[in-house]
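Here are a few exercises to work through with the structure open beside you. Try each task before reading its solution.

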Amino acid sequence: MNPVNAVSRANLARLTRHRLFWPVAVLVLLLVVNAVVTPGFLAIRVRDGHLYGSLIDILRFGAPLIMVSLGMTMVIATGGIDLSVGSVVAISGAMACYLISEGQGLAVALALSFGLCLVLGLWNGLLVTRLSIQPIIATLILMVGGRGIAQLITGGQIITIDRDSGYREIGGGHLAGLPVAVLIVLASVAAAAVLARRTALGLLLESVGGNAEASRLVGIRASGLIVLGYVFCAVCAGVAGWMISSDVSAADGNNAGLWIELDAILAVVLGGTALTGGRFSIAGTVVGALIIQTLNTTIYTAGIPPRTTLVFEAAVVTFVCLLQSPAFRAKVGRRRPGGPVPPPTDPPSADKKVEVPA
Amino acid sequence: MTTALALPAVHRRHVPVLVTFGLFVLAFATGALRYENFGTAQVFADLFIDNAFLLVVAIGMTFVILSGGIDLSVGSVVALSGMLCAVGTSRLGLPGPLVILVVLLVGTLFGAAMGYVIHVFEIQPFIATLAGMFLARGLCFTISEKQISIENGFFDTVALNRVALPGGVRVSAGAIIALVTFAAAVYVLHWTRTGRNVYAIGGGEQSALFMGLPVARTKIQVYAISGFCSALGGVLFAFYTLSGDGLHAVGMELDAIAAVVIGGTMLTGGSGYVVGTLLGVLVLGVIKTMLTFEGTLSSWWTRIAISVLLFAFIALQRLVGIRRRARSSPSASSPAPASPSPTS
């Protein structure tokens, strides 16, 4: 084997071991498949000063999912999980639309809806920290009850609002050529990334997720950080709720954000954040959410019959998760003669969290 | 006086189950006092009849959770099993018992396949079973997007006949099958090696491995058991509704997890009892029965009421459990830090 070949192989191995390599590779693969199947898929046109095209659509329709997944990342980083985001999406959209339909101003409607989301996040956080209820159960309570609250607000009806009110801009408007929803997502992701990586906040969150009891003993206010995570998650879900309801100018307490919690958790995991808590990746989550949205777009454009959509999704999820699994890569790599055998990286199950008495 | 003497004899591990039992009795007594015809043996028997499939599914879930995993696919597997029953009997015209055997086999293999992926490729159970959930639900819709009704002599006979018990109480075959499954689960968990292995893996997988226990086999086994229970739950659901539909049992995985947790089993694994799961299912059943007896609630108030009761229940259990634990072993609850501990 000549030395140049060996060096390039080493580089390739380093590249494939990067935590974002496989998610990005799958996203690129999906885009390439689309570009082949649908001519002009990658084209972006300018019409009336706005950008249009399939890629922009993926960003625009994926915006709510990215918002929810962003919040979910923080909760999962603290070692928790939030099943209630779908209900919060419904509640915030219902609250905003109800107030606007009652003749309140846009600012009042958004402020009250935002405040309600803060309270819901605080409720989840306090259940997890003060009552030490397991997160999946603590947030299950709001997941079940929240749909009821959303329907209570809408009175069991679908509230429609005037399409001329400024509320529609959030999900359907354009600013500087880009959809407003995409700009909101960009700003939120940038703010979260700066807060998490340019201050100590991200490190503290990872520390709490790694071992809450040890973090408490070194003087980190673990319960405060966990509550913060749930509040942030609820607020993100609330903003996603505005996007979804404003896009259609209507609030549906029953179906808005239905099953979005599963998509969001999936996006976080596809992005390489482990459900056991600890290290998290905001960029990974964004890529994960984009994979899911591109997949949905692919299903429509490639003409896969809607009845087999779920089977197709299951296949892709399994495929991506297997690619990310070190154990799977080791097994496949070993079978290929002469191929580089990846060194056994620590499997996620090995760093089993230390049980601490609550 | 007697209670004060008797209490310390209760083992700490049994407290959550006893609390759940007490709360169930309390809830049933409240219903009996509040509504006419509630406090009868038939209403109690109806709890088993109406929740037979949930009980069976939750028993499978108990195995998985005790081993430290989770299975989100159960609701979809219930729907898929019901769909296969309907297709097998009504479309293909096969005999009922044969169809049921095939369905149980399919469910078991489905669970075992997920267990294999989880163990061998180290995929997180939450994600692997989420993919299984999509797959099973998707297969349902691929088979048929519409509801298929079951027209089969065997299914009709089993579904429509009731077994009379002494005292004029009548129960369905589904309830009896569920109770037999429960007895089998108690036997397996407490009197067989498999049961010991499940608890050991839930307590600490590394330790179980070092002790030389068959970790790989047991992990695949628990998901296979859960798959089997889901398929059996699906068959019972088919008896109950006499139809197969891709939209059946949506969200049942959450009911099953809630029942297991209300029964005092820890989601971290290694601690809990299957009898707690039975009580958890009964508690959910009592809540739903009370809401039916109330009768005047809009659908959204029903949802809010269920979540409020769920919250009250879990909170009460936590508070009682925490106080009991603090009283019984103050030193073991948390090691005293050398330095003054920071406020949290």
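**Exercise 1: Confidence in chain B**

Task: Find how many contacts beyond four places in sequence the model has for residues 329-344 of chain B, and set this stretch against the rest of the chain.

Solution: Start with the stretch itself. Across residues 329-344 of chain B, pLDDT stays under 50, and the model has 12 contacts for them beyond four places in sequence. Bear in mind that this is a predicted model. Next, look at residues 1-6 of chain B, where pLDDT is below 50 too and there are zero contacts beyond near neighbours in sequence. Then go through the elements: α16(B) has the lowest mean pLDDT of chain B, 39, while helix α4 (residues 52-66) has the highest, 96. Finally, take the chain overall: chain B averages a pLDDT of 86, and 90% of its residues score at least 70.

**Exercise 2: Where the chains meet**

Task: Work out which element of chain B gives the largest share of the side that touches chain A.

Solution: First, count both sides: 42 residues of chain B and 45 residues of chain A take part in the contact. Second, list the elements of chain B that each supply at least two residues to its side: α7 (125-143), α11 (205-210), α13 (252-262), α15 (299-328) and α16 (330-333). Third, pick out the largest share, which is the 12 residues from α15(B). Last, sort the side of chain B by class, which gives 27 nonpolar, nine polar and six charged residues. For the model's scores, note an ipTM of 0.78 and a pTM of 0.83.

**Exercise 3: An annotation against the model**

Task: Compare two spans of the "transmembrane region" annotation of chain B with the modelled helix content.

Solution: The unreviewed UniProt entry places this annotation on several spans of chain B, including residues 15-35 and 299-320. In the model, residues 15-35 of chain B are 95% helix and 0% strand, with end C-alpha atoms 30 Å apart. Residues 299-320 of chain B are 100% helix and 0% strand, and their end C-alpha atoms lie 32 Å apart.

**Exercise 4: A helix of chain A**

Task: Explain why α11(A) counts as largely enclosed by the rest of the structure.

Solution: Begin with its dimensions: helix α11 (residues 222-248) of chain A has 27 residues and reaches 40 Å between its first and last C-alpha, close to the 39 Å expected at 1.5 Å a residue. Now check burial: 24 of the 27 residues of α11(A) are buried, so the helix is largely enclosed. Just after α11(A), Ser249(A) takes a positive phi of about 55°.

How values were computed: Residues numbered from 1 in each chain as written. Chains lettered and ligands numbered in written order. Predicted model: local features only at pLDDT ≥ 70, side-chain atom pairs only at ≥ 80, totals over all residues. Contact = placed C-beta atoms within 7 Å. Helix = DSSP H or I, 4+ residues; strand = E, 2+ residues; numbered from the N terminus. Nonpolar A, V, L, I, M, F, W, Y, C, P; charged D, E, K, R; others polar. UniProt positions renumbered as here; feature names shortened; annotations may be inferred. pLDDT = per-residue confidence, 0-100. Expected span 1.5 Å × (residues − 1). Buried ≥ 20, exposed ≤ 12 C-beta atoms within 10 Å, placed from the backbone.
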